[in-house]
Amino acid sequence: MILQCTHITKTFLTDIILNDISFHINDNEKAAIVGINGSGKSTLIKIIMNELEADSGEVIISKDISIGYFAQNQEYNSNKSILEEMHGARPEVEELGRRLDELSAQMDNTKDEKLEALIKQYDQARHRFEQLGGYSYESEITGVLKGLGFNEEDFGQPVQSLSGGEKTRVALAMMLLKNPDLVILDEPANHLDMNSIQWLEGYLANYKGAVLVVAHDRYFLDKIATKIIELRQAKCSVFQGNYTEYSRKKQAAMETLMKQYLNQQAEIKHQEEVIAKLKSFNREKSIKRAESREKMLDKIERIDKPVEEKTKMNLLFKPRIQSGNDVLSVKGLSKSYGSHQLFSDISFEIKRGEHVAIIGDNGTGKTTILKMLMEMYGTGTDFDGQIKFGTNVHIAYYDQEHQVLHPEKTLFEEIQDTYPDMNNTQVRNVLAAFLFTNDDVFKQVKNLSGGERGRVSLAKLMLSDANFLLLDEPTNHLDIDSKEILEHAINNFEGTILYVSHDRYFINTTASRILNLTQQQIVNYPGNYDYYLEKKEDAERAQLSMPVQVVSCNPENSFASGNKTSWQQQKEEQARLRKIENELKKTETEIEKLETRNTEIDLQLSDPANGTNIQLLQELSKEHEANRNRLEELMEQWEALSDKL
């Protein structure tokens with residue numbers, strides 16, 4: 001055991017944040033702390049790191065254990081270059097490297113007895129250098145920096161010249177290179193793109209030490225966690241397994257506890273009724289029996305009714321009218337800022353009912369695409385490319401910067417001014433559904449946290465009645481519970497959605513198609529995030545060097561970038577696909593016809609009126625058997641045609 005927390009309690013003023021928290025971390029274990037915003041996750045980490053003092057309880061860390069700690073929004077300032085800083089992560093390795101060079105130089109100029117002593121010193125230093133991974137240290141530095149999104153040309157940049165997010169990544173790289181026995185990370189993925197997060201998952205999953213992480217990224221938690229420590233209602237529960245296993249076990253535990261509570265309540269009610277009945281007899285013996293039952297009832301350890309925190313947003317997106325089948329067509333779209341080209345000649349289409357996610361590295365232009373769509377909504381104007389919206393398309397936009405909100409307005413004014421037909425009670429009810437109650441509704445937008453602004457934007461989105469939602473990082477600043485509510489709302493939305501997100505679990509749960517913006521082009525994947533990972537390498541190798549063509553959900557457009565086939569070849573391919581589609585439809589029609597006929601035969605066979613007509617029954621049975629055999633053939637044919645399509 002490397003770390004043990006025992007009966008940790010922490011209170012801020014009258015609010016109990018942590019109450020009797022106990023858990024432990026074993027050597028090489030990968031544990032994650034989860035809970036809603038404000039549940040005390042970061043507070044617990046600070047207590048472990050001795051940055052905060054617990055009101056009671058104890059943190060026990062094994063002797064001679066080194067800890068690496070990465071805090072939220074941690075910056076790293078230095079006059080040195082990135083590479084120079086990384087070399088300082090393991091000073092003993094650097095010192096031993098210099099010592100080996102010195103001893104080697106001395107051995108070249110020494111003879112006799114002194115040489116033997118130097119050789120002995122060199123062997124000892126070399127052995128220790130090897131133990132510390134000195135020979136692979138340089139490649140390890142390169143691997144960690146590249147994994148966290150730095151290119152080799154960045155290595156020479158002074159740390160102090162970097163952006164805040166880049167400095168945070170430098171701090172993370174520095175901590176990882178120190179190879180501590182216990183790595184503690186508080187929201188490490190906040191400043192990483194998808195590729196860097198994926199690299200960090202692999203690094204931590206294979207890390208030889210123990211890991212304790214706080215994260216809202218459920219995909220990340222699924223990949224690395226072997227234990228989940230849940231903070232809920234100031235209490236702590238420990239579950240073995242990753243996030244998905246924890247979620248399943250938690251639901252099962254909640255259902256079991258509810259059953260136990262209901263059974264106990266039924267027993268208590270029964271005993272109370274018996275006691276009341278015995279007392280009503282008003283006899284000495286019956287009263288004593290009632291008193292005996294009362295004593296037994298008092299000794300029962302009451303089970304508290306299992307309840308979730310009042311943090312569940314009530315989300316329901318419902319379009320007012322249905323759009324046409326063709327929702328959006330983008331052709332030849334390009335965008336650059338000065339000499340910096342974001343994307344070039346990209347094309348794609350979106351059909352009614354699709355949930356499409358745009359993914360890609362930071363700075364590739366994902367948010368820019370959404371903003372261009374909003375700017376061109378309803379105008380149909382050509383600029384460097386064409387954006388065309390379909391019939392009856394009504395858009396609502398969720399901006400990750402929340403620029404659609406007015407800083408000086410109160411929450412109440414923000415809703416009422418946008419939807420003046422709503423009365424005071426309706427406005428308050430909507431805000432309450434998004435966890436704003438009582439005097440919260442009179443807070444000014446400028447005084448809200450990022451998560452609170454996100455909830456206000458989602459409230460306005462829900463009220464819009466739009467049938468085409470454009471969402472820019474909708475899960476930012478949301479805790480896991482709120483993300484799950486949003487996922488449910490999106491999956492039940494009857495309209496069309498195009499969104500930008502780096503939340504892979506969210507994408508995996510809600511996307512029916514993925515557009516990957518990479519190398520200034522769009523690559524299309526007709527599936528969720530797991531499908532994208534499976535096909536990514538082959539798709540990019542096959543498609544990115546080819547000219548771009550329009551991407552839709554049609555089978556002939558498996559990937560976004562085009563191919564070099566001629567117009568005639570494309571026409572032949574489309575004819576081939578139409579032939580397969582016709583055969584498929586014909587097969588489905590025959591299957592339906594035979595299934596209907598067999599249902600009719602079943603009714604005739606069970607009809608008492610036909611019970612004595614042996615010849616008819618034999619004919620019907622023979623026809624039923626023939627139909628069943630034909631159905632098996634048709635099913636195989638349908639499967640083969642579907643694969644071809």
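1. Let's start with the sheet. In this predicted model, three strands form an open sheet in the order β2-β1-β4, and their pairing is antiparallel. At the edges sit β2 (15-25) and β4 (56-61), each of which pairs on one side only. From one strand to the next, the twist averages 20°. As background, strands of a sheet pair through backbone hydrogen bonds, either parallel or antiparallel.

2. Now look at one pairing in detail. Strand β1, covering residues 3-12, joins β4 in the antiparallel sense over five bridges. To find a bridge for yourself, start at L3: its bridge partner in β4 is I61.

3. Next, please turn to helix α5, which spans residues 137-147. Which of its residues are buried? They are Y137, I141, V144, L145 and G147. Viewed down the axis of α5, these buried residues fall within an arc of 165°, so they line one face of the helix. A helpful reminder here: an α-helix has 3.6 residues a turn, so residues three or four places apart point the same way.

4. What do the buried residues of α5 pack against? Their partners are four helices: α2 (82-87), α3 (91-108), α6 (164-177) and α7 (194-205). Just after α5 comes G149, with a positive phi of about 100°.

5. Finally, a word on confidence. The protein has a mean pLDDT of 84, and 90% of its residues reach 70 or more. Over residues 554-567, however, the pLDDT is below 50. Beyond near neighbours in sequence, that stretch has 42 contacts in the model.

Terms used. Residues are numbered from 1 along each chain as its sequence is written. This is a predicted model: local features need pLDDT of at least 70, side-chain atom pairs count only at pLDDT 80 or more; totals for chains, interfaces and linings use all residues. Side-chain values use heavy atoms; hydrogens and water are left out. Two strands pair if DSSP finds at least two bridges between them. Helices (H or I, at least four residues) and strands (E, at least two) are DSSP runs, numbered from the N terminus. Axes are lines fitted to C-alpha atoms, for helices over the stretch in contact, and angles run from 0 to 180 degrees between N-to-C directions. Buried means under 20% relative accessible area, exposed over 50%, partly exposed in between (1.4 Å probe, protein chains only). The arc is that of the directions from the helix axis to the C-beta atoms. Contact means heavy atoms within 4.5 Å. pLDDT is the predictor's confidence in each residue, from 0 to 100.
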